Amino acid sequence: MAGSENQKFCLQEVLDSFQLCLSPNKEVYVEHYVAGWRGLVKFLNSLGSVFGFISKDAVSKIQILVNFLNSENGSQYATVQSMVKFELDNKLVDVDKKGICPESGCRTLLRLHRALRWLELFLERLRTSKEDDKTSVMCREAYNESLAQHHPWVVRTAAGMAFFALPGRPTFFEVMDVGPPEQVVAILGKAVPLISEVYLITEELYLKHNLLDLP
(Lines give C-alpha, C1' and ligand atoms only; values in the text may rest on other atoms or scores of the structure.)
Protein backbone atom coordinates (compact mmCIF):
# COMPACT_ATOMS: atom_id res chain seq x y z
CA MET A 1 0.00 0.00 0.00
CA ALA A 2 1.17 3.52 -0.68
CA GLY A 3 2.54 5.39 2.28
CA SER A 4 0.98 8.82 2.40
CA GLU A 5 -2.71 9.33 2.96
CA ASN A 6 -3.18 11.59 -0.05
CA GLN A 7 -1.86 8.80 -2.27
CA LYS A 8 -4.39 6.29 -0.93
CA PHE A 9 -6.81 5.04 -3.52
CA CYS A 10 -10.56 5.34 -3.05
CA LEU A 11 -12.96 4.04 -5.68
CA GLN A 12 -15.54 6.70 -4.74
CA GLU A 13 -13.13 9.45 -5.90
CA VAL A 14 -12.84 7.84 -9.34
CA LEU A 15 -16.63 7.54 -9.54
CA ASP A 16 -17.04 11.22 -8.57
CA SER A 17 -14.52 12.35 -11.21
CA PHE A 18 -16.10 10.38 -14.02
CA GLN A 19 -19.55 11.60 -12.98
CA LEU A 20 -18.27 15.14 -13.54
CA CYS A 21 -16.53 14.19 -16.79
CA LEU A 22 -19.43 14.69 -19.19
CA SER A 23 -21.09 18.01 -20.01
CA PRO A 24 -24.89 18.11 -20.58
CA ASN A 25 -24.28 17.70 -24.33
CA LYS A 26 -21.82 14.82 -23.75
CA GLU A 27 -18.54 16.63 -24.20
CA VAL A 28 -15.66 15.24 -22.13
CA TYR A 29 -14.10 17.71 -19.69
CA VAL A 30 -10.31 17.23 -19.77
CA GLU A 31 -9.92 18.50 -16.17
CA HIS A 32 -12.20 15.78 -14.76
CA TYR A 33 -10.81 13.14 -17.12
CA VAL A 34 -7.36 13.89 -15.69
CA ALA A 35 -8.74 13.79 -12.13
CA GLY A 36 -10.29 10.38 -12.83
CA TRP A 37 -6.97 9.16 -14.15
CA ARG A 38 -5.14 10.45 -11.06
CA GLY A 39 -7.42 8.17 -9.05
CA LEU A 40 -6.76 5.23 -11.37
CA VAL A 41 -2.99 5.78 -11.01
CA LYS A 42 -3.41 5.55 -7.22
CA PHE A 43 -5.27 2.28 -7.82
CA LEU A 44 -2.41 0.91 -9.93
CA ASN A 45 0.24 2.07 -7.45
CA SER A 46 -1.61 0.64 -4.45
CA LEU A 47 -1.20 -2.84 -5.97
CA GLY A 48 2.59 -2.64 -5.89
CA SER A 49 5.12 -2.34 -8.71
CA VAL A 50 3.44 -4.77 -11.12
CA PHE A 51 1.62 -1.96 -12.93
CA GLY A 52 4.55 0.45 -12.86
CA PHE A 53 5.02 0.20 -16.63
CA ILE A 54 1.52 1.65 -17.13
CA SER A 55 1.20 4.02 -14.16
CA LYS A 56 4.52 5.81 -14.89
CA ASP A 57 3.45 6.44 -18.47
CA ALA A 58 0.00 7.60 -17.31
CA VAL A 59 1.55 10.09 -14.85
CA SER A 60 3.68 11.66 -17.60
CA LYS A 61 0.66 11.87 -19.95
CA ILE A 62 -1.47 13.45 -17.20
CA GLN A 63 1.20 16.13 -16.68
CA ILE A 64 1.31 16.97 -20.40
CA LEU A 65 -2.47 17.49 -20.42
CA VAL A 66 -2.31 19.60 -17.23
CA ASN A 67 0.36 21.75 -18.89
CA PHE A 68 -1.97 22.30 -21.85
CA LEU A 69 -4.84 23.20 -19.50
CA ASN A 70 -2.59 25.76 -17.75
CA SER A 71 -1.17 27.21 -20.98
CA GLU A 72 -2.27 30.40 -22.76
CA ASN A 73 -4.43 28.18 -24.99
CA GLY A 74 -5.91 26.42 -21.95
CA SER A 75 -9.51 27.26 -22.86
CA GLN A 76 -9.06 25.32 -26.12
CA TYR A 77 -8.30 22.24 -24.01
CA ALA A 78 -11.37 22.47 -21.77
CA THR A 79 -13.01 19.47 -23.47
CA VAL A 80 -11.66 16.65 -25.59
CA GLN A 81 -13.89 17.89 -28.41
CA SER A 82 -12.50 21.46 -28.32
CA MET A 83 -8.94 20.10 -28.05
CA VAL A 84 -9.36 17.92 -31.15
CA LYS A 85 -10.82 20.83 -33.14
CA PHE A 86 -8.13 23.28 -32.01
CA GLU A 87 -5.21 20.94 -32.72
CA LEU A 88 -6.54 19.81 -36.09
CA ASP A 89 -7.38 23.37 -37.18
CA ASN A 90 -3.87 24.51 -36.24
CA LYS A 91 -2.05 21.44 -37.61
CA LEU A 92 -0.76 20.47 -34.16
CA VAL A 93 -1.46 16.75 -34.66
CA ASP A 94 0.75 14.26 -36.50
CA VAL A 95 -2.07 12.93 -38.72
CA ASP A 96 0.37 12.27 -41.60
CA LYS A 97 2.74 10.35 -39.30
CA LYS A 98 5.76 12.51 -40.04
CA GLY A 99 7.03 12.56 -36.46
CA ILE A 100 5.86 16.10 -35.69
CA CYS A 101 4.07 17.17 -32.48
CA PRO A 102 5.03 14.04 -30.49
CA GLU A 103 3.38 15.50 -27.37
CA SER A 104 0.17 16.86 -28.91
CA GLY A 105 -2.88 16.78 -26.68
CA CYS A 106 -4.62 14.38 -29.08
CA ARG A 107 -1.74 11.88 -29.06
CA THR A 108 -1.26 12.18 -25.30
CA LEU A 109 -4.92 11.56 -24.53
CA LEU A 110 -5.00 8.63 -26.98
CA ARG A 111 -2.44 6.79 -24.82
CA LEU A 112 -4.61 7.29 -21.72
CA HIS A 113 -7.70 6.37 -23.74
CA ARG A 114 -6.24 2.99 -24.69
CA ALA A 115 -5.25 2.24 -21.09
CA LEU A 116 -8.71 3.33 -19.89
CA ARG A 117 -10.27 0.59 -22.00
CA TRP A 118 -8.07 -2.00 -20.30
CA LEU A 119 -9.02 -0.75 -16.82
CA GLU A 120 -12.70 -0.59 -17.77
CA LEU A 121 -12.63 -4.24 -18.92
CA PHE A 122 -10.66 -5.33 -15.84
CA LEU A 123 -12.90 -3.51 -13.35
CA GLU A 124 -16.00 -4.97 -15.01
CA ARG A 125 -14.52 -8.46 -14.65
CA LEU A 126 -13.80 -7.73 -10.98
CA ARG A 127 -17.37 -6.54 -10.50
CA THR A 128 -18.88 -9.73 -11.89
CA SER A 129 -16.25 -12.12 -10.47
CA LYS A 130 -16.74 -14.86 -7.90
CA GLU A 131 -14.71 -15.08 -4.73
CA ASP A 132 -12.23 -17.66 -6.03
CA ASP A 133 -11.78 -16.21 -9.53
CA LYS A 134 -8.16 -15.42 -10.37
CA THR A 135 -7.37 -11.71 -10.79
CA SER A 136 -4.34 -12.63 -12.92
CA VAL A 137 -6.63 -14.27 -15.49
CA MET A 138 -9.12 -11.36 -15.42
CA CYS A 139 -6.36 -8.80 -15.87
CA ARG A 140 -4.61 -10.72 -18.64
CA GLU A 141 -7.84 -11.19 -20.59
CA ALA A 142 -8.67 -7.49 -20.29
CA TYR A 143 -5.14 -6.56 -21.37
CA ASN A 144 -5.21 -8.90 -24.37
CA GLU A 145 -8.51 -7.36 -25.50
CA SER A 146 -7.19 -3.80 -25.30
CA LEU A 147 -3.68 -2.52 -24.59
CA ALA A 148 -1.77 -5.57 -25.82
CA GLN A 149 -2.38 -4.72 -29.48
CA HIS A 150 -0.61 -1.38 -28.97
CA HIS A 151 2.42 -2.75 -27.10
CA PRO A 152 5.57 -4.36 -28.57
CA TRP A 153 6.32 -7.99 -27.78
CA VAL A 154 8.79 -7.12 -25.01
CA VAL A 155 6.18 -5.08 -23.10
CA ARG A 156 3.48 -7.71 -23.65
CA THR A 157 5.79 -10.38 -22.24
CA ALA A 158 6.67 -8.25 -19.19
CA ALA A 159 2.98 -7.50 -18.61
CA GLY A 160 2.13 -11.19 -18.78
CA MET A 161 4.72 -11.94 -16.10
CA ALA A 162 3.48 -9.05 -13.94
CA PHE A 163 -0.10 -10.30 -13.96
CA PHE A 164 0.99 -13.55 -12.29
CA ALA A 165 2.12 -11.50 -9.27
CA LEU A 166 -1.28 -9.88 -8.75
CA PRO A 167 -2.91 -10.27 -5.33
CA GLY A 168 -6.18 -12.14 -4.95
CA ARG A 169 -9.67 -10.72 -5.31
CA PRO A 170 -10.07 -9.90 -1.57
CA THR A 171 -6.98 -7.64 -1.70
CA PHE A 172 -8.36 -5.79 -4.72
CA PHE A 173 -11.67 -5.25 -2.95
CA GLU A 174 -9.87 -4.01 0.16
CA VAL A 175 -7.82 -1.55 -1.93
CA MET A 176 -11.07 -0.02 -3.25
CA ASP A 177 -11.53 1.47 0.24
CA VAL A 178 -15.32 1.75 0.16
CA GLY A 179 -16.45 -0.95 2.57
CA PRO A 180 -17.49 -4.61 2.32
CA PRO A 181 -17.44 -6.57 -0.99
CA GLU A 182 -21.11 -5.90 -1.80
CA GLN A 183 -20.44 -2.14 -1.49
CA VAL A 184 -17.44 -2.45 -3.81
CA VAL A 185 -19.59 -4.28 -6.37
CA ALA A 186 -22.32 -1.62 -6.07
CA ILE A 187 -19.92 1.29 -6.66
CA LEU A 188 -18.18 -0.54 -9.50
CA GLY A 189 -21.66 -0.96 -10.95
CA LYS A 190 -21.93 2.84 -11.09
CA ALA A 191 -18.32 3.66 -12.02
CA VAL A 192 -17.73 1.19 -14.87
CA PRO A 193 -20.67 2.37 -17.06
CA LEU A 194 -19.47 5.99 -16.63
CA ILE A 195 -15.92 5.05 -17.62
CA SER A 196 -17.38 3.11 -20.54
CA GLU A 197 -19.45 6.07 -21.73
CA VAL A 198 -16.49 8.45 -21.57
CA TYR A 199 -14.41 5.88 -23.46
CA LEU A 200 -17.02 5.38 -26.20
CA ILE A 201 -17.58 9.11 -26.74
CA THR A 202 -13.81 9.62 -27.09
CA GLU A 203 -13.47 6.56 -29.34
CA GLU A 204 -16.18 7.81 -31.72
CA LEU A 205 -14.65 11.30 -31.82
CA TYR A 206 -11.18 9.94 -32.60
CA LEU A 207 -12.57 7.54 -35.19
CA LYS A 208 -14.44 10.37 -36.91
CA HIS A 209 -11.25 12.42 -37.22
CA ASN A 210 -8.95 9.49 -38.03
CA LEU A 211 -6.93 9.88 -34.82
CA LEU A 212 -6.95 6.32 -33.43
CA ASP A 213 -3.57 5.39 -34.92
CA LEU A 214 -1.50 8.46 -34.07
CA PRO A 215 2.15 7.35 -33.80
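Q: Why is K26 called partly exposed?
A: In this predicted model, K26 has a relative accessible area of 40%. Buried means under 20% and exposed means over 50%, so K26 lands in between and counts as partly exposed.

Q: What makes K26 and E197 a salt bridge?
A: Their closest N and O atoms are 2.8 Å apart. The cut-off is a Lys or Arg side-chain nitrogen within 4 Å of a carboxyl oxygen of Asp or Glu, so the pair qualifies. K26 lies in the loop between α1 (11-19) and α2 (30-46), while E197 is in helix α9 (residues 181-208), so the bridge ties together parts that are 171 residues apart in sequence.

Q: And E197, why is that one partly exposed?
A: Its relative accessible area is 27%. That's neither under 20% nor over 50%, so E197 goes in the middle class.

Q: How do you know that R127 and E124 are about one helical turn apart?
A: Both sit in helix α5 (residues 105-128), and they are 3 residues apart there. They also form a salt bridge, with the closest N and O atoms 2.8 Å apart, again within the 4 Å limit. As for exposure, R127 comes out at 28% and E124 at 29%, so each of them is partly exposed.

Q: What makes E145 and R125 a link between separate parts of the chain?
A: First the bridge itself: the closest N and O atoms are 2.6 Å apart, and the cut-off is 4 Å. E145 lies in the loop between α6 (135-144) and α7 (153-164) and R125 in helix α5, so the pair ties together parts 20 residues apart in sequence. There's a network here too: salt bridges that share partners join R125, E141 and E145.

Q: Is E145 buried, partly exposed or exposed, and why?
A: Partly exposed. Its relative accessible area is 44%, and exposed would take over 50%.

Q: How many salt bridges does a search of the whole structure find?
A: The count is 8.

Q: Why does T79 count as buried?
A: T79 has a relative accessibility of 6%, and the line is drawn at under 20%, so T79 is buried. You'll find T79 in the loop between α3 (52-69) and α4 (80-89). Leaving out residues up to four places away in sequence, T79 touches E27, V28, Y29 and V30.

Q: What makes W37 stand out in the largest nonpolar core?
A: That core has 73 residues, and W37 is one of those touching the most other members, along with F43, W118, M176 and Y206. Outside its sequence neighbours up to four places away, W37 touches A58, I62, L112, A115, L116 and L119.

Notes
Residues are numbered from 1 along each chain as its sequence is written. This is a predicted model: local features need pLDDT of at least 70, side-chain atom pairs count only at pLDDT 80 or more; totals for chains, interfaces and linings use all residues. Side-chain values use heavy atoms; hydrogens and water are left out. Helices (H or I, at least four residues) and strands (E, at least two) are DSSP runs, numbered from the N terminus. Buried means under 20% relative accessible area, exposed over 50%, partly exposed in between (1.4 Å probe, protein chains only). Contact means heavy atoms within 4.5 Å. A nonpolar core is a set of buried Ala, Val, Leu, Ile, Met, Phe, Trp, Tyr and Cys residues joined through side-chain atoms within 4.5 Å.
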